[in-house]
Every structure is written in structure tokens, then in C-alpha cells.
Amino acid sequence: MAAEIVNPRSDSDAGTEQETGEPLDSFDPAFALHRGGKMAVQATVPVRDKDDLSLAYTPGVAKVCSAIAEQPDLVHDYTWKSSVVAVVTDGTAVLGLGDIGPEASLPVMEGKAILFKQFGGVDAVPIALDCTDADEIVETVVRLAPSFGGVNLEDISAPRCFEIERKLQERLDIPIFHDDQHGTAVVTLAALRNAARLSGRTLGELRAVISGAGAAGVAIAKMLVEAGIGDVAVADRKGVVSVDRDDLTPVKRELASFTNKAGLSGSLESALAGADVFIGVSGGTVPEPAVASMAKGAFVFAMANPNPEVHPEVAHKYAAVVATGRSDFPNQINNVLAFPGIFAGALQVRASRITEGMKLAAAEALASVVGDDLAADYVIPSPFDERVAPAVTAAVAAAARAEGVARR
């Protein structure tokens, strides 16, 4: 069902623009900013006269086309392919709005595209698909792929998102990246590395509990294990994901196979007793007594928006480091810290895929930006820190070369 649009006026009789005849941007600056869309295509070469026209289009363009037909790799040098990403969604898991459909997802996809450009210098094109079947999405993206150097999957609901990403990467030789999974995981790991450093501990000394076994929760768990976390348990609506449960999906069965070494079962609240880290990507609410039961000097990363699983005021009573997904509190876990630089680095070396090593390198580079300024309210840099994208880009490019997936 499409989300109901609430008119920004406090007047209870206010209707939509269609109902009242008055533009919504008369009452809310968000609508004013979005009118006409947030992006446009701009030429990079002049077309001032017939000579320019003959080079940019026919007959000059025919020479370039013929050269690419003979040597397909030239497409990277003589078109935009090597510097442009498709931002693909089906509109089924849009921000905190849920399944609102492809048209309603477009403002978010446009926003993602301008963040790619602003923070990573990467051009991006929003593509909202009017289908939700996993195989149909895969087939559609495969057919679009010749135009793009990479694909950023966005706001596609779990568990289909896992299957779609896997099948696309199997069939395409360009980076496929589901940001809701991996971008969140990269930034979370970077913040956790710095929180551990601040407390004089290593990741291997920490036991973490993740609330939420969707796209982000699964990816965070995988990345923490790859990075050497001591132990991590993941909880869904029915409690801790463990091998003794008989109601698990294939994705959760796999998750249970490499998490929860302590063999915990039962509720999220019981798992938090004595835990060093809470990571929230669920949108639920964690009772204060459960937070109080965590280990001394714990870290609380409550990242649900707009309402964190643990309000920072509560978290600060018990935790040494608190992070959220909101920009009005310190330590914002924001994906824009990761995905522009990750794609910029992958495109720079024409990587065929984004590997675990590239994501770990991105997290390490992001954590290193904080440097000696590390503090309880500064374990992750601001998205507006101009050092972030270059650091992540360089680290990802180097890792791609080291792992043998770079083609230049």
C-alpha cells in the first residue's frame, strides 16, 4: 500500500495539492526543494556550431562507435561508463517508509544520486523498477548493465535483496553493491574500531548483540566476524538467531552458522546481559533495564531512524560511547561516509566486483580519518569532512589491486 502523504499544514482540513489547488511547497521547504526534481543531465562538451555538432554527433561519433565495436574495452575510455553508477530500487523498503512503490521512491533515489556526485565525484542515475520479482529485477538490470560501470542496489526488501545481489554479481563483471547492507556495515565497523581503540580494547575482546536480522543486521554481523569480533549474536522478532531454532529462513540459517559462538538463546534482552556492544538496526525499542545490564564501558549504537532503539539520553547513563543514525546527535552512522568513496575507488581501477577485503579497507580508512581527535563523542567523522572520500577511495583502489579484481 502506498504511504499516505500528510499535508504539512497544521490545518486539519488541509488536503493535497490536487485537492486544494495550492502547491505544497507554499507550506513546506522540503517540497519547494524537490519541485522539478533534484538533478539533471549536463553536457561535458560544447555544441556551439556545426563543427562541434559533427564531432559530438554524426559523423564523428561513428568513428568512436566503430572503434568500440572492434575493441569493447574502449567503452571505458570514450563513454561515461567508467564513471557512472545505476541506483536501482523496486521501492519495497524505502528509508523508514517501507513498501511505497517505485514512483514514491524516486525522491530518495535522486537524493542518493546527488550524494554520489557531491561526496565521491561519481555520476549516478536513479532507476526505479516497476517489478518486485527477484529474477525479473536481475534480468532487467543485466540488460541495462552495458550503460554503467557499477550498480548500487537501494531500498530493496530482505530477503530478496540478498538473492538479487548474489545473482547480479554472478552474471556481471562490474561492482554490485547493496548499500543498505554493506554501506551500513562499513560505517558501523569503522565506528566500532575507534570505540574499541578509545577504551583500550581490541575487537577480539568484544561481545556484540545486533537487534535486527534484515539486510543491515546480516551484513554487519558478517563484517564484524571478518574483522575479528570476539562474538556476535543477532536477534530478530522471535529472539536470538541460533542453530537450535527450527523457524529460520535460509539466510538466517547461514547467519546462525557463523555467529553466536556462546550459544545464546531466548530474547534480545537476555542476550544483552554482560554484552559489550549493542547495535540496533531494527526500529524496535530496547527497555532501559536491558541496557543497564550490559557490561561496564559498553557501546550503544542505536541506529533506527527517526527513533533510535535506545534514546541517547538513556544510553549515556550506561554506555561509554553512543552512536545513532541521526544527524542531531554525535557519532552519526551515515552510509554517505562509505558508498561514494567505495564506488569511486572501484571505478578508478575498473574493479570487477567489490570484495570483503575492499569493504574492510574502506572501514579502516574511515576509522583512520578520526586520528588523534578520537573522543567519546567523535568515533566517526562527519560526512562533510573533506578527508573522508579521498581516504576511502584510495584504500578501496589499493585493496582491489591487492585482491586481483582491478583491471587497470
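Two strands are taken as paired if DSSP finds at least two bridges between them. Strands (E, at least two residues) and helices (H or I, at least four) are DSSP runs, numbered from the N terminus. The structure is a predicted model, in which local features need pLDDT of at least 70 and side-chain atom pairs count only at pLDDT 80 or more, whereas totals for chains, interfaces and linings use all residues. Residues are numbered from 1 along each chain as its sequence is written, and side-chain values use heavy atoms, with hydrogens and water left out.

On these terms, six strands form an open sheet with mixed pairing, in the order β7-β6-β5-β8-β9-β10. Its edge strands, each pairing on one side only, are β7 (239-240) and β10 (319-324). Within this sheet, strand β8 (residues 277-280) and strand β9 (residues 298-302) run parallel and are joined by four bridges. Phe-278 has Val-300 in β9 as its bridge partner.

Another open sheet consists of four strands in the order β2-β1-β3-β4, and its pairing is parallel. Here the edge strands are β2 (123-128) and β4, each of which pairs on one side only. The twist from one strand to the next averages 25°, where axes are lines fitted to C-alpha atoms, for helices over the stretch in contact, and angles run from 0 to 180 degrees between N-to-C directions.

Strand β3 in the four-stranded sheet has pairings with β1 and β4. Four bridges connect strand β1 (residues 84-89) with β3 in the parallel sense. Val-87 has Asn-152 in β3 as its bridge partner, and Val-88 stands opposite Leu-153 in β3. Strand β4 (residues 176-178) also runs parallel to β3, to which three bridges join it; Leu-153 stands opposite His-178 in β4. In a regular strand the side chains alternate between the two faces of the sheet. In strand β3 (residues 150-153), Gly-150 and Asn-152 point one way and Val-151 and Leu-153 the other way. All four of these residues are buried (under 20% relative accessible area; exposed means over 50% and partly exposed in between, with a 1.4 Å probe and protein chains only).

Several helices lie across the strands. Helix α8 (residues 160-171) lies across β3 and β4 and runs at about 170° to β4. In the six-stranded sheet, α9 lies across β8, β9 and β10, at about 160° to β9. Helix α10 lies across β5 (207-211), β6 (231-236) and β8, at about 165° to β5.

Helices α9 and α10 also pack on each other. The axes of helix α9 (residues 179-198) and helix α10 (residues 215-227) are 8 Å apart and make an angle of about 45°. The two helices are therefore oblique to each other (angles under 35 degrees count as roughly parallel, over 145 as roughly antiparallel, 65 to 115 as roughly perpendicular and the rest as oblique). The crossing of α9 and α10 is right-handed, the near helix being turned clockwise from the far one by less than a right angle, as opposed to anticlockwise for a left-handed crossing. Contact (heavy atoms within 4.5 Å) involves residues of α9 including Val-186, Leu-189 and Leu-192, and residues of α10 including Ile-220, Met-223 and Leu-224. By class, 11 nonpolar, four polar and two charged residues take part in the contact of α9 with α10. In this classification Ala, Val, Leu, Ile, Met, Phe, Trp, Tyr, Cys and Pro are nonpolar, Asp, Glu, Lys and Arg are charged, and the others, Gly among them, are polar.

A further helix pair is formed by helix α6 (residues 102-120) and helix α15 (residues 339-348), with axes 8 Å apart and an angle of about 70°. This angle makes α6 roughly perpendicular to α15. The crossing of α6 and α15 is right-handed. Lys-112, Leu-115, Phe-116, Phe-119 and Gly-120 of α6 make the contact with Phe-339, Pro-340, Phe-343 and Ala-344 of α15. By class, the contact of α6 with α15 has seven nonpolar, one polar and one charged residues.

Leu-115 lies in helix α6 and counts as partly exposed, at 30% relative accessibility. Residues up to four places away in sequence aside, Leu-115 touches Gly-120, Val-336, Phe-339 and Pro-340. Leu-115 and Phe-339 are 224 residues apart along the chain, and their C-alpha atoms are separated by 9.2 Å.

Asp-52, in helix α3 (residues 50-56), is buried, with a relative accessible area of 12%. Asp-52 touches Pro-46 and Val-47, not counting residues up to four places away in sequence.
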